[in-house]
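Got the viewer open? Here's a short tour, with a list of things to select as we go.

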Amino acid sequence: MSLSEQEIIRRDSMHALRLMGIDPYPAEGFEVTHTSTAILEQFPDNPEGFSAVRIAGRLMSKRIMGKASFAVIQDSVGTLQVYISRDDICDGEDKSMYNDVFKKHLDIGDFIGVSGFVFTTQTGTTTLHVKELTLLSKALRPLPIVKTDAEGNVHDAFTDPEQRYRMRYVDMVVNPQVKSVFIKRTQLMNSMREYLNAKGYLEVETPILQPIYGGAAARPFKTHHNALDTTLYLRIANELYLKRLIVGGFDGVYEFSKDFRNEGMSRFHNPEFTQIELYVAYKDYEWMMNLVEEMLEKVAIDVTGGTKVQVGEHLIDFKRPWKRFTMFEAIEHFTGVDISEMDEHALYKAAKEMKVHIDASTMGKGKIIDEIFGEKCEPYLIQPTFITDYPVEMSPLAKKHRHKEGLVERFEAIVNGKELLNSFSELNDPIDQRHRFEAQLELGKRGDEEAMVLDEDFLRALEFGMPPTAGLGIGIDRLTMIMTNSNSIQDVLFFPQMRPERS
């Protein structure tokens, strides 16, 4: 193992501490009474309440001035200046705790616990006067040190995306503002959970390992179960299992699910992602559109304080009501071409004229329409917009439209030029569902690797009867990108998938 000079110095300090009888990784916990933020916010109004304070965190800086020093501790919510005097933390004639431990063998990044009282320095800085100091954990690698000069210029910032995503634990220490993105992500999910629980819907869990993958058009990851000697798949969606629960008698179920798709990666795609799926009996897609508007307006207010969210150069407003287009209306609006009556051959010709790349050997009618919409319409839909009434070929799990031949009752919400969510009046006719699955099998034979497979158990469930149902899937990662003004999906995942690290 090749060690840097700094790593060698830190290991030497660790050994020196052990020789002094100090465990660099003690088993005892450390009782914390206050956070840095609480001290900074509350001390000015209540100085008497901070005479006995215990705080723990990383040592982020040391400014040694002979027999006394100033240092900065960073805990989970912020930073606090501390004042350390040799005579306060040492017993009698033994000055080693200050002269040796603190000055020589404590390094930036070490975890320490301190106790004492809070005061205000002559420069007006709220500071903890340390009476006791305890080493809680020795850091053997140095943190990247971000420096700011007198003019406010930042030097040696930890900004390289490759390093930040691979070492998120370091990223959050030296760029503490990053943590706010993940706090908002949790707030976002809690807001949705509160909204759905208040309506009486049940949060459930369904299998991640599945004998047949389904519920979406995507390539799966597969693995082998040794005991059963069978191939299993990481789920690409949880839709078909949640519908089984509606068959079983629940009126409304939802799940925050980890799903997996063996596809390309981009700033909008990670092979492992999170979505929420919701299914409510006796409802349809029109009802679900109203729920989506109401719920996401609430989410925006809970997470950002209002309905308007800044995303790059756009100010996006989640206030109800949202704009609505049918898919054919949107294509005609942005291209001037009405494709509603075109067959597959005519669609292929129209796509070529629009300079949309189409693979005629593998793409059916639905796929061609999807490519035209994705290239010619989606990027220009910035404000929340519902796209409704999709061609039946694009939606194997959606119910046929009650009034429009060849279409299904489906909508997507497009926000900031990207699909955010998908919803159907769910197909509950088992005969029609079998025919749709069979059509997907034919597409698979033509080479469409994302075509759905036929799930006999799901068809059997439908044959026992499923009530009219509205279904919804929302991408949590993309919604978090919008609510936090993040440019990449990697910025809203603690540990995004990365290429293997070179040794």
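A pocket here is an open set of grid points where a 1.4 Å probe fits, with protein on both sides within 12 Å along at least five of seven lines. Keep in mind that this is a predicted model.

**Stop one: a pocket.** Head for the second largest pocket, which holds about 570 Å³ of space. To find its middle, select Arg 141, Pro 142, Met 167, Tyr 169 and Val 170: of the 16 lining residues, these sit closest to the centre. Now colour the lining by residue class, and you should get eight nonpolar, six charged and two polar residues. Next, show the helices H5 (161-166) and H6 (168-174), as each of them supplies at least two residues of that lining.

**Stop two: along H5.** Stay on helix H5 and pick Glu 162 and Arg 166, which are four residues apart, about one turn of the helix. Their side chains form a salt bridge, with the closest N and O atoms 2.5 Å apart. Is Glu 162 buried or exposed, or something in between? Its relative accessibility is 41%, so Glu 162 counts as partly exposed.

**Stop three: on to H6.** Select Arg 168 and Asp 171, both in helix H6 and three residues apart, again about one turn. Here too there's a salt bridge, with 2.8 Å between the closest N and O atoms. Arg 168 has a relative accessible area of 0%, so it counts as buried. Asp 171 is buried as well, because its relative accessible area is also 0%. Now add Arg 164 and Asp 491 to your selection: together with Arg 168 and Asp 171, they are linked in a network of salt bridges.

**Stop four: a small sheet.** Move along to the three strands that form an open, antiparallel sheet in the order S9-S11-S10. On the edges are S9 (209-210) and S10 (222-225), each pairing on one side only. Zoom in on S10 and S11 (residues 230-234), which pair in the antiparallel sense over four bridges. To see one bridge partnership, click Thr 223 and then its partner in S11, Leu 232.

**Last stop: helix H8.** Select residues 239-247 to bring up helix H8, where Glu 239 and Lys 243 lie four residues apart, about one turn. Their side chains meet in a salt bridge at 2.8 Å, N to O. Both of these residues are buried. If you'd like to keep hunting, the structure holds 36 salt bridges.

Conventions:
Residues are numbered from 1 along each chain as its sequence is written. This is a predicted model: local features need pLDDT of at least 70, side-chain atom pairs count only at pLDDT 80 or more; totals for chains, interfaces and linings use all residues. Side-chain values use heavy atoms; hydrogens and water are left out. On a 1 Å grid over the protein atoms alone, a cavity is a set of points where a 1.4 Å probe fits but cannot get out, and a pocket is an open set with protein on both sides within 12 Å along at least five of seven lines; lining residues have an atom within 4 Å of a point. Grid points are joined across faces, edges and corners, and a volume is the space filled by probe spheres set on the points. Ala, Val, Leu, Ile, Met, Phe, Trp, Tyr, Cys and Pro count as nonpolar, Asp, Glu, Lys and Arg as charged, and the others, Gly among them, as polar. Two strands pair if DSSP finds at least two bridges between them. A salt bridge is a side-chain nitrogen of Lys or Arg within 4 Å of a carboxyl oxygen of Asp or Glu. Buried means under 20% relative accessible area, exposed over 50%, partly exposed in between (1.4 Å probe, protein chains only).
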